[in-house]
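Q: Hi! I'm new to this one, could you walk me through it?
A: Happy to, let's put it on screen and begin.

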There are 2 protein chains.
Amino acid sequence: MPRKTDKRVRLVDAAKALIHRQGFNLTTLADIAQEADVPLGNVYYYFKTKEAIGEAVIANRGRELHDALQTWEKAANAKERLLAYVQFEVDSAEETAKSGCPVGGLCQELAKQGGSLADAAAKLLSDTMLWAEKQFQGMGMGEASRGLAMQFVAAVQGNALLTNTFKDPKILANLKVSLSKWLDKVASTKNATVPIEKVEEYA
Amino acid sequence: MPRKTDKRVRLVDAAKALIHRQGFNLTTLADIAQEADVPLGNVYYYFKTKEAIGEAVIANRGRELHDALQTWEKAANAKERLLAYVQFEVDSAEETAKSGCPVGGLCQELAKQGGSLADAAAKLLSDTMLWAEKQFQGMGMGEASRGLAMQFVAAVQGNALLTNTFKDPKILANLKVSLSKWLDKVASTKNATVPIEKVEEYA
DNA sequence: GTCTATATACAGATAGAC
DNA sequence: GTCTATCTGTATATAGAC
């Protein structure tokens, strides 16, 4: 027996998957309605506009992210916590090779149209950054933590783009090995080497 | 006196700028025609389809890239050559904050629709990678060069995404300082530290 | 709450006069 | 080679019966 929100959930799930695969602009309401097995006209009972569906999808990604951050938070130490995040990306590498990073893709595409959707997408990356910064602080990196988090997230996002562009999931797997060694070095020397280093301040 | 190809050039230039700002799918032929000051119907005398304009724009970016690679090639040593590339990104940081990296943006967006446009865009990143790999080989990094080039380009692309997402050009400026120190270390120790390390083979 | 039919707008593309 | 007018398809969104 379908709950009241059943169709709404199906629509958001369908939109989330389709937007990941095709991007926001290329995904039509007809696509979403079909994938969710809801008649097109009925979509508007649940979402007033296409943008409203976008908001719901990003909100869903946000909840997903915060659940994940909480899970990773349980790991034994800062290095393991950061690696849990990278491991998640490795586990998604096949999908990333096909369709790119869901979060990075949203930020990239929506930044071009500005507005509240772009801001909502940016917050996903921003929250990830803040979480990573907290981990580096936990490693005793102090003021350098912000720059380290920036480079850490940039490395993941950059590798995700190359993974998608070259259709090669191994790129992300290699990144994890690389970052693992690097985190050992950072943790032991308390001195970031690079391309992750304390430089100026990030506004 | 307008040359035979005058309008064609104007159309490609207009399309290049608009696609950078708005993305390929959001840019209409009417947009391009207006920006190039060419009547809409006349566009089709120069380009049979919108995809054909996309091809011309990517080909243009390709020539631009190869000219740039040749220029950077003139620098004194491998480190300076790689930094010339990073410096170029720093010089474009304001534009990148507004509209993202033109090449990364194309790869991201076009990967989702596949086809020859996606391949053409991917070749821009691939050529950049091969050039960077050559520089690392020139530094005596041997077999590790490919992985180093991958991480190097990933760092630039990742930082470009964050620059665009957070609208902060300083992110790219900081990256240059960071990468400069890192290249010193790599060059002197002949041993990559990280997040750029020799790991497995990249297919 | 649900769904069919349709309004409205605008995209890519073409016809054909000049 | 150039440009106006227009065809055709399809997207978002609405109206209104059920």
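**A chat about the DNA and the cavities**

A: Let's begin at the DNA: in the side chain of B:Tyr44, an N or O atom is 3.0 Å from a base nitrogen of DNA strand C. That makes a polar contact, defined as a pair of N or O atoms within 3.5 Å; within protein, one must be able to donate a hydrogen and the other to accept it, and residues adjacent in sequence count only if both atoms are side-chain atoms.

Q: Before we go on, what kind of model is this?
A: This is a predicted model, in which local features need pLDDT of at least 70 and side-chain atom pairs count only at pLDDT 80 or more, while totals for chains, interfaces and linings use all residues. Residues are numbered from 1 along each chain as its sequence is written, chains are lettered from A and ligands numbered from 1 in the order in which they are written, and side-chain values use heavy atoms, with hydrogens and water left out.

Q: Back to strand C, then. Which phosphate contacts are there for A:Asn42 and A:Tyr45?
A: A polar side-chain atom of A:Asn42 lies 3.1 Å from a phosphate oxygen of DNA strand C. For A:Tyr45, a side-chain N or O atom is 3.2 Å from a phosphate oxygen of that strand.

Q: Which elements give two or more residues to the surface near DNA strand C?
A: Those are helix 3 of chain A and helix 3 of chain B. The largest share, four residues, comes from helix 3 of chain A. Helices here are DSSP runs (H or I, at least four residues), as are strands (E, at least two), numbered from the N terminus.

Q: How many residues surround DNA strand C?
A: There are 15, and the closest are A:Lys7, A:Tyr46, B:Leu29, B:Tyr44 and B:Lys50. A residue is near a strand if one of its heavy atoms lies within 4 Å of it. Of the atoms of DNA strand C within 4 Å of the protein, 74% belong to sugar or phosphate and the rest to bases.

Q: And what surrounds DNA strand D?
A: DNA strand D has 15 residues around it, with A:Leu29, A:Tyr44, A:Lys50, B:Lys7 and B:Tyr46 the closest. Sugar or phosphate accounts for 71% of the strand D atoms within 4 Å of the protein, and bases for the rest.

Q: Which polar contacts does strand D have?
A: Among them is A:Tyr44, with a polar side-chain atom 3.2 Å from a base nitrogen of DNA strand D. A backbone N or O atom of A:Lys50 lies 2.8 Å from a phosphate oxygen of the strand, and a polar side-chain atom of B:Asn42 lies 3.2 Å from a phosphate oxygen.

Q: Which helix gives the largest share of the surface near strand D?
A: That is helix 3 of chain B, with four residues. By class, the surface near DNA strand D has six nonpolar, six polar and three charged residues. Ala, Val, Leu, Ile, Met, Phe, Trp, Tyr, Cys and Pro count as nonpolar, Asp, Glu, Lys and Arg as charged, and the others, Gly among them, as polar.

Q: Switching topic: what is chain A built from?
A: Chain A has 10 helices and zero strands. Its C-alpha atoms fill a box of roughly 60 × 35 × 30 Å, taken along the principal axes.

Q: What domains does chain A have?
A: The assignment gives domain 1 (1–48) and domain 2 (65–189), with bounds from an automatic or database domain assignment. The C-alpha centres of these two domains lie 28 Å apart. Their contact (heavy atoms within 4.5 Å) takes six residues from domain 1 of chain A and 10 residues from domain 2 of chain A.

Q: How many cavities does the search find?
A: Across the whole structure, eight cavities of 30 Å³ or more are found. A cavity is a set of points, on a 1 Å grid over the protein atoms alone, where a 1.4 Å probe fits but cannot get out; lining residues have an atom within 4 Å of a point. Grid points are joined across faces, edges and corners, and a volume is the space filled by probe spheres set on the points.

Q: What lines the largest cavity?
A: The largest cavity holds about 170 Å³ of space. Its lining has 17 residues, and the closest to its centre are A:Gly104, A:Gln108, A:Leu161, B:Gln108 and B:Leu161. Helix 9 of chain B gives the most, five residues. The lining divides into six nonpolar, 11 polar and no charged residues.

Technical notes:
1 Å grid on protein atoms, 1.4 Å probe; cavity = no way out; pocket = protein on both sides within 12 Å on 5 of 7 lines; lining within 4 Å.
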